[in-house]
Amino acid sequence: MSILGRKEIAALKAELAEKERELDSIKELLADVKGKTEQNNSERCCNKFRANLIRNKNLVASIYVRKDFMSENECILYKLLCEVSASDKLKEYSLNVFAQVRLADIVKLWENTLDEFQNNINFSSNGEMKTNHNKKKVYSEMEASGLNDEISYKQTFLYPLLRSHVDFLICRPLNKILTPLMVIELFGEEHFDNKNKKLQSNDEFKKSLFEAIKVSFDNSMTNEAIKEALKNEHKLNALKSELEGKILDAIRDDDEHISKITCD
């Protein structure tokens, strides 16, 4: 076989290999599209089924049941927080107390999509290109972990906000809107069980999250502390004073944060 013939065969083999790679890519793309289509079709079927079912209240009642909104100790702490927030030392701040609030109602992402996140790593300020090094580091870690796609972005950062809630949220009115001031968590025995790693991980996530966004966070209150406070009036007043002090500290910290932002 001539040299020219061998070169032609080699070229054909290389071309064939490239076509096979393209075909594999197309197959992967089609599989992805098929998966998304099946998921969308499934969601549409579920939505249609549910829409038909909810017209019959008896059928709905066979699926859903009313649940308790708060436990006994949560209810006691909520009433105490409402009472303390309206005390002589705090009434001037017109505080509001809310219970069982989703993280997504308190915290939001800077960017809703991964593309927006990437676009804000490098940005223009006063005609000068700058880099947000923290965002750059986050994206580098995402790439290294193979999580640099839209689904992974939302699963990692958005979904935890939708799935989790806090026990109590205290808000203060600023510029005619309510802003988060302080989060209070009531810790039950399950939070201290070393076997409950998932719950403890969620507790740590909340603590770090609120520290980062400058919302005071307190998870020192326990069911046992509530029970002890109910034993006599002296202990109950001590608990009220403790809560009042924590809230005042949160207000001072918030005022300092606002003042710093204003000065900057």
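Helices here are DSSP runs of H or I with at least four residues, strands are runs of E with at least two, and both are numbered from the N terminus. Two of those strands, E2 (122-125) and E3 (128-131), are joined by the loop where Asn126 sits. This is a predicted model, in which local features need pLDDT of at least 70 and side-chain atom pairs count only at pLDDT 80 or more, while totals for chains, interfaces and linings use all residues. Residues are numbered from 1 along each chain as its sequence is written, and side-chain values use heavy atoms, with hydrogens and water left out.

Let's stay with that loop for a moment. Asn126 isn't a glycine, yet its phi is positive, at about 55°. Asn126 counts as exposed because its relative accessibility is 81% (exposed means over 50% relative accessible area, buried under 20%, partly exposed in between, with a 1.4 Å probe and protein chains only). Asn175, in the loop between strand E4 (165-174) and E5, also has a positive phi of about 55° without being a glycine. With a relative accessible area of 76%, Asn175 is exposed.

Now step back to the chain. It has nine helices and six strands, and 27% of its 264 residues are buried. Take the contacts (heavy atoms within 4.5 Å) between residues at least 6 apart in sequence: 65% of them join residues at least 24 apart. The accessible surface, from the Shrake-Rupley method with a 1.4 Å probe, comes to about 19100 Å², and carbon and sulfur atoms own 53% of that.

On to the inside. A nonpolar core is a set of buried Ala, Val, Leu, Ile, Met, Phe, Trp, Tyr and Cys residues joined through side-chain atoms within 4.5 Å. The largest one has 24 residues, and those with the most contacts inside it are Leu77, Leu81, Ile170, Leu181, Leu243 and Ile247. Helix H3 (72-85), strand E1 (96-102), E4, E5, helix H8 (223-229) and H9 each chip in at least two residues, with the largest share, six, coming from H9. For a feel of the packing, look at Leu77: beyond its neighbours within four places in sequence, Leu77 is in contact with Phe168, Ile184, Leu186, Met221, Ile226 and Leu243. Apart from this core lies another, of 20 residues, including Val101, Met142, Leu161 and Val215.

Helix H9 also carries Asp254, which is buried at a relative accessible area of 9%. Setting aside residues up to four places away in sequence, Asp254 touches Arg172, Leu174, Leu181 and Lys214.

What about open space? A pocket is an open set of points on a 1 Å grid over the protein atoms alone, where a 1.4 Å probe fits and protein lies on both sides within 12 Å along at least five of seven lines; lining residues have an atom within 4 Å of a point. The largest pocket holds about 1300 Å³, a volume being the space filled by probe spheres set on the points, which are joined across faces, edges and corners. Of its 32 lining residues, Val107, Lys108, Trp110, Leu209 and Ile213 are the closest to the centre. Helix H6 (150-163) gives the largest share of the lining, five residues.

Last stop: Asn112, in the loop between E1 and helix H4 (114-119). Asn112 touches Glu150, Tyr153 and Lys154, not counting residues up to four places away in sequence.
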